[in-house]
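Colleague: I am new to this structure and would be grateful for a close look at a single part of it. Please choose the part that tells a newcomer the most, and take me through it step by step.

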Amino acid sequence: LPPFLRKQWYQRRVAITAGKMKQVEKRLDYYTRAQRLVEIPLLKEEWEKSQEDDKIWWEEKEAARIEMAIKKREYDISTRKRLLRMKDDKDAFVASILSQKEMQHQEEVNRFEKELMRVREERKEAKKQEILKQLTEKRRKEQLAKEAKKKKVPTATLR
């Protein structure tokens with residue numbers, strides 16, 4: 001075929017195809033609308049049934065939750081009663097442990113104070129001995145100085 005006929009033939013085919021597509025689209029649209037019109041009441045009915053089922057499920061779950069809460073409360077009350085019976089024993093036990101710890105602490109404090117007093121006494125005695133030694137040394141030097149004066153010996157030779 002010559003090119004200009006080929007072009008016309010091609011344009012006609014496109015127009016025919018577009019028309020057929022438009023007709024198919026209209027049929028499909030009509031079919032979809034009709035289907036929706038039929039389905040809408042069915043969907044509403046299904047939704048209402050779903051709502052009823054959800055409500056029943058919720059009520060069952062809520063009843064189970066309330067029952068569990070009641071059981072937990074009863075258990076908590078019984079546990080509280082048991083713990084209250086044990087409270088006096090616990091208090092006595094804690095008091096005995098605290099008194100033992102206090103006694104141990106007091107023993108440590110007394111031991112520390114004794115050691116502190118001993119160290120202070122030792123330091124005091126050492127200081128006393130040091131002072132006594134210094135005084136003795138000073139007196140000895142003074143005595144030597146007096147003797148040196150008496151003998152008229154120069155003090156430079158003593159050193």
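Modeller: Helices are DSSP runs of H or I with at least four residues, strands are runs of E with at least two, and both are numbered from the N terminus. Counted in this way, the protein chain has one helix and zero strands. The part to examine is therefore helix 1, taken here from a predicted model.

Let us begin with the overall form. Helix 1 covers residues 3–151. Were a helix of 149 residues straight, it would span 222 Å at 1.5 Å a residue, yet the end C-alpha atoms of helix 1 are only 158 Å apart. One departure from a straight course can be located: helix 1 has a kink of about 40 degrees, and this kink is centred on Lys87. After helix 1 comes Lys152, which has a positive phi, near 60 degrees.

The dimensions of the chain may be set beside this. Its C-alpha trace spans about 160 × 80 × 15 Å along the principal axes. The radius of gyration of the protein chain is 57 Å, whereas a compact globule of 159 residues would have one near 15 Å. Burial is correspondingly worth examining: 1% of the 159 residues count as buried. The accessible surface of the protein chain is about 16,200 Å², and carbon and sulfur atoms account for 59% of that area.

We may now return to the kink and its charged residues. Lys87, on which the kink is centred, belongs to a network of salt bridges together with Lys90 and Asp91. Within this network, the side chains of Lys90 and Asp91 meet at 3.5 Å, N to O. This pair counts as a salt bridge because the nitrogen of the lysine lies within 4 Å of a carboxyl oxygen. Asp91 has a relative accessible area of 29% and so is partly exposed. Lys90, at 48%, is also partly exposed.

What nonpolar surface patch do Phe93, Val94, Ile97 and Leu98 make? Together these four residues form a patch of about 360 Å². Leu98 is placed in helix 1, and its relative accessibility of 54% is why Leu98 counts as exposed. The limit that applies here is over 50% relative accessible area for an exposed residue.

Elsewhere along the helix, further salt bridges can be followed; the structure holds ten of them. One of these joins Lys49 to Asp53, with 3.7 Å between the closest N and O atoms. Lys49 and Asp53 are four residues apart in helix 1, so about one helical turn separates them. Lys49 counts as exposed because its relative accessibility is 52%, while Asp53 has 39% and is therefore partly exposed.

A second example is the salt bridge between the side chains of Glu67 and Lys71, at 3.4 Å from N to O. Glu67 and Lys71 are likewise both in helix 1, with a spacing of four residues, or about one turn of the helix. Both partners can be classed by their accessibility: Lys71 is partly exposed at 47%, and Glu67 is partly exposed at 43%.

To draw the description together, helix 1 spans 158 Å between its end C-alpha atoms and is kinked at Lys87. Lys87 is linked with Lys90 and Asp91 by salt bridges, and a nonpolar surface patch is made by Phe93, Val94, Ile97 and Leu98.

Notes
Residues numbered from 1 in each chain as written. Predicted model: local features only at pLDDT ≥ 70, side-chain atom pairs only at ≥ 80, totals over all residues. Heavy atoms only, no water. Patch = residues over 30% accessible without salt bridge, like charges linked within 9 Å, V, L, I, M, F, W, Y side chains within 5 Å. Areas by Shrake-Rupley, 256 points an atom, 1.4 Å probe, with all protein chains shown as cover. Buried < 20%, exposed > 50% of the residue type's maximum accessible area, 1.4 Å probe, protein only. Expected span 1.5 Å × (residues − 1). Bend = angle between axes of the 7 residues up to and from the residue. Rg over C-alpha atoms; globule rule 2.2 N^0.38 Å.
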